[in-house]
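Before this entry goes any further, here are my comments on the coordinates, arranged so that each can be checked against the atoms in turn.

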Amino acid sequence: MEALLNEWLWKDEYWLPPGIRWQDVTLSEDEGRFPLPRDLVYTLPLALAFIAVRYVFERVIAVPLSRHLGVKDRIRIRAASVPKLETFYKQNSRQPSQTEVVSLGKQCGLSQRQIHTWFRHRRNQDRPSNTKKFCEASWRFVFYLASFTAGLASLINTPWFWDQTECWRGFPNQPVSKPHFWYYVLELGFYLSLLLCVSVDVKRKDFKEQVIHHIATISLIGFSYCANYVRVGTLVMLVHDSSDFLLESAKLFHYAGWTRLCDSLFVIFAAVFLVTRLVVFPGKVIHTTLVVSLDFFEPFFGYYFFNVLLLVLQVLHVFWAYLILRMVYKFMFMGKVERDERSDEESEVEDEDEDPEEEGDECSWEQRKGAINSKLASLANNCVLNNLANQRNLNSRLPKAR
């Protein structure tokens with residue numbers, strides 16, 4: 001197996017510039033350690049550890065914090081127990097066609113309106129609560145904030161942080177320090193844990209883009225470590241973490257109902273995101289990997305593969321920047337941020353065609369009782385007014401009749 005990997009996967013021309021072989025990549029003990037592919041084996045148990053820590057964090061810290069900040073969950077009416085509809089919902093579709101509604105109505109002895117109402121209530125049951133979304137956002141906020149702080153502390157004194165040309169000086173014989181090794185391994189383990197949990201997390205508007213982002217990020221981190229693109233890789237991770245924790249903090253206060261603080265944090269996030277992802281990332285990182293690196297070596301497979309992954313991330317940045325600018329436009333002309341256009345609106349579980357009956361399902365029982373009482377009172381007043389008006393008309397007609 002090792003001979004097969006050396007022959008096909010670890011070919012010199014895939015990973016190293018022309019004229020350099022693996023035997024030429026050597027470092028003395030005084031210079032430090034060289035990044036080895038087997039180091040990435042630690043990322044899988046780390047990803048499982050992240051999932052376990054997240055499970056404990058959300059229940060022990062995030063849930064009590066959500067209650068303390070005033071996060072409220074909407075009370076929804078549960079769908080009646082209809083086995084045939086439940087089976088169709090889970091195995092076929094959450095939104096049946098008109099033909100399927102007619103067929104289900106005949107099988108269950110229900111009207112088409114009752115079928116539509118049942119599926120609407122059933123979809124509402126699967127909507128994630130504000131507490132669940134708050135817990136997810138708080139976990140990501142803690143990691144992104146810790147990762148950005150640790151990454152900035154480890155890079156602030158490095159020469160390539162200020163001059164990106166240093167990313168390629170002496171390449172590929174560049175040692176990796178322990179802080180940067182753990183920065184890489186922890187980031188890769190975290191994104192791997194997000195990819196493993198993507199099926200149980202809240203499905204969002206940009207679900208497909210998020211999956212592509214996770215896969216591209218994992219491939220980028222893994223390949224850059226094996227090819228010893230560690231210096232430029234640390235810059236890529238730092239640029240991404242610089243705005244992510246701001247977005248998650250804005251979500252936290254959005255779920256808690258702190259509108260003003262949420263809007264302020266979102267504006268700050270939008271400014272940081274647009275500067276780092278549309279200016280710094282392409283102007284500094286992609287420019288140094290695509291142009292500056294050619295001053296130190298000739299193009300090879302790793303050069304093209306690495307830059308393609310960076311360009312995929314940049315396309316996603318442009319897509320998210322478009323959504324964020326839409327949010328900024330709404331904020332400027334409507335006065336508030338109504339919803340997170342970037343990634344906080346569920347795509348598969350939200351019902352856009354809600355009717356007045358559906359709106360009632362989102363209210364608490366006290367609100368429903370209050371609304372019913374107010375309608376009854378209004379109806380009673382109308383009835384009294386109508387009776388008085390009819391009595392007055394009757395009295396006005398009596399003299400004429402006489």
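The numbered points below go from the overall fold to the core, the aromatic pairs, one helix packing and some individual residues.

1. Overall make-up. The coordinates come from a predicted model, and every remark here should be read in that light. The protein has 15 helices and zero strands, and of its 402 residues 44% count as buried. Among the contacts in the protein with a separation of 6 or more, 81% are accounted for by residues that lie 24 or more positions apart.

2. The largest nonpolar core. This core has 72 residues, and the members that touch the most other members are Trp168 and Tyr229. Two or more residues are given to this core by each of helix H3 (43-69), helix H7 (130-155), helix H8 (159-162), helix H9 (178-196), helix H10 (207-226), helix H11 (230-256), helix H12 (259-290) and helix H13 (301-334). Separate from it is a second core of ten residues, which includes Ala79, Val82, Leu85 and Phe88.

3. The surroundings of Trp168. Which residues does Trp168 touch, not counting those up to four places away in sequence? They are Gln174, Tyr229, Val232, Thr288, Thr289, Val292, Ser293, Phe296 and Phe297. Trp168 also belongs to a cluster linked by ring pairs, together with Phe171, Phe223, Tyr229, Phe297, Phe300, Phe301, Phe305 and Phe306.

4. Aromatic pairs. The structure holds 32 aromatic pairs, of which two are described here. In the pair of Tyr89 and Trp118 the ring centres are 6.4 Å apart and the planes stand at 80 degrees, so the pair is edge-to-face. Because Tyr89 lies in helix H4 (residues 83-91) and Trp118 in helix H6, this pair ties together parts that are 29 residues apart in sequence. Tyr89 counts as buried at 6% relative accessibility, and Trp118 is likewise buried, with a relative accessible area of 6%. The pair of Phe181 and Tyr225 is tilted, with 6.3 Å from centre to centre and 50 degrees between the planes. It links distant parts of the chain, since Phe181 is in helix H9 and Tyr225 in helix H10, 44 residues apart. Phe181 and Tyr225 are both buried.

5. The packing of H5 and H6. Two packed helices are described by the angle between their axes and by the distance between those axes. Helix H5 (residues 98-108) and helix H6 (residues 112-125) pack at an angle of about 105 degrees, with axes 9 Å apart. Angles of 65 to 115 degrees count as roughly perpendicular, which is why H5 is described as roughly perpendicular to H6. On the H5 side the contact is made by Gln98, Val101, Val102, Leu104 and Gly105, and on the H6 side by Gln112, Ile115, His116 and Phe119. By class, the residues of this contact comprise five nonpolar, four polar and no charged.

6. Backbone features in two loops. The peptide bond from Phe171 to Pro172 is cis, with omega near 5 degrees, and Pro172 is found in the loop between H8 and H9. In the loop between H10 and H11 sits Asn228, which has a positive phi of about 60 degrees although it is not a glycine. At 2% relative accessibility, Asn228 counts as buried.

7. Trp160. This residue lies in helix H8 and is buried, with a relative accessible area of 8%. Leaving aside neighbours within four places in sequence, Trp160 is in contact with Leu155, Glu166, Cys167, His180, Arg231, Thr234 and Leu235. Trp160 and Leu235 are 75 residues apart in sequence, while their C-alpha atoms are 8.7 Å apart in space.

8. Asn307 and Leu65. Is Asn307 buried or exposed? At 4% relative accessibility, Asn307 counts as buried; its place is in helix H13. Apart from neighbours within four places in sequence, Asn307 is in contact with Ile286, Thr289 and Leu290. Leu65, in helix H3, is partly exposed, with a relative accessible area of 35%. Leu65 and Phe134 are separated by 69 residues in sequence and by 9.3 Å in space, C-alpha to C-alpha.

Definitions and conventions
Residues numbered from 1 in each chain as written. Predicted model: local features only at pLDDT ≥ 70, side-chain atom pairs only at ≥ 80, totals over all residues. Heavy atoms only, no water. Axes fitted to C-alpha atoms, helices over the stretch in contact; angles between N-to-C directions. Helix = DSSP H or I, 4+ residues; strand = E, 2+ residues; numbered from the N terminus. Parallel < 35°, antiparallel > 145°, perpendicular 65-115°, else oblique. Contact = heavy atoms within 4.5 Å. Nonpolar A, V, L, I, M, F, W, Y, C, P; charged D, E, K, R; others polar. Core = buried A, V, L, I, M, F, W, Y, C linked by side-chain atoms within 4.5 Å. Buried < 20%, exposed > 50% of the residue type's maximum accessible area, 1.4 Å probe, protein only. Phe/Tyr/Trp six-rings, centres within 6.5 Å; stacked < 30°, edge-to-face > 60°.
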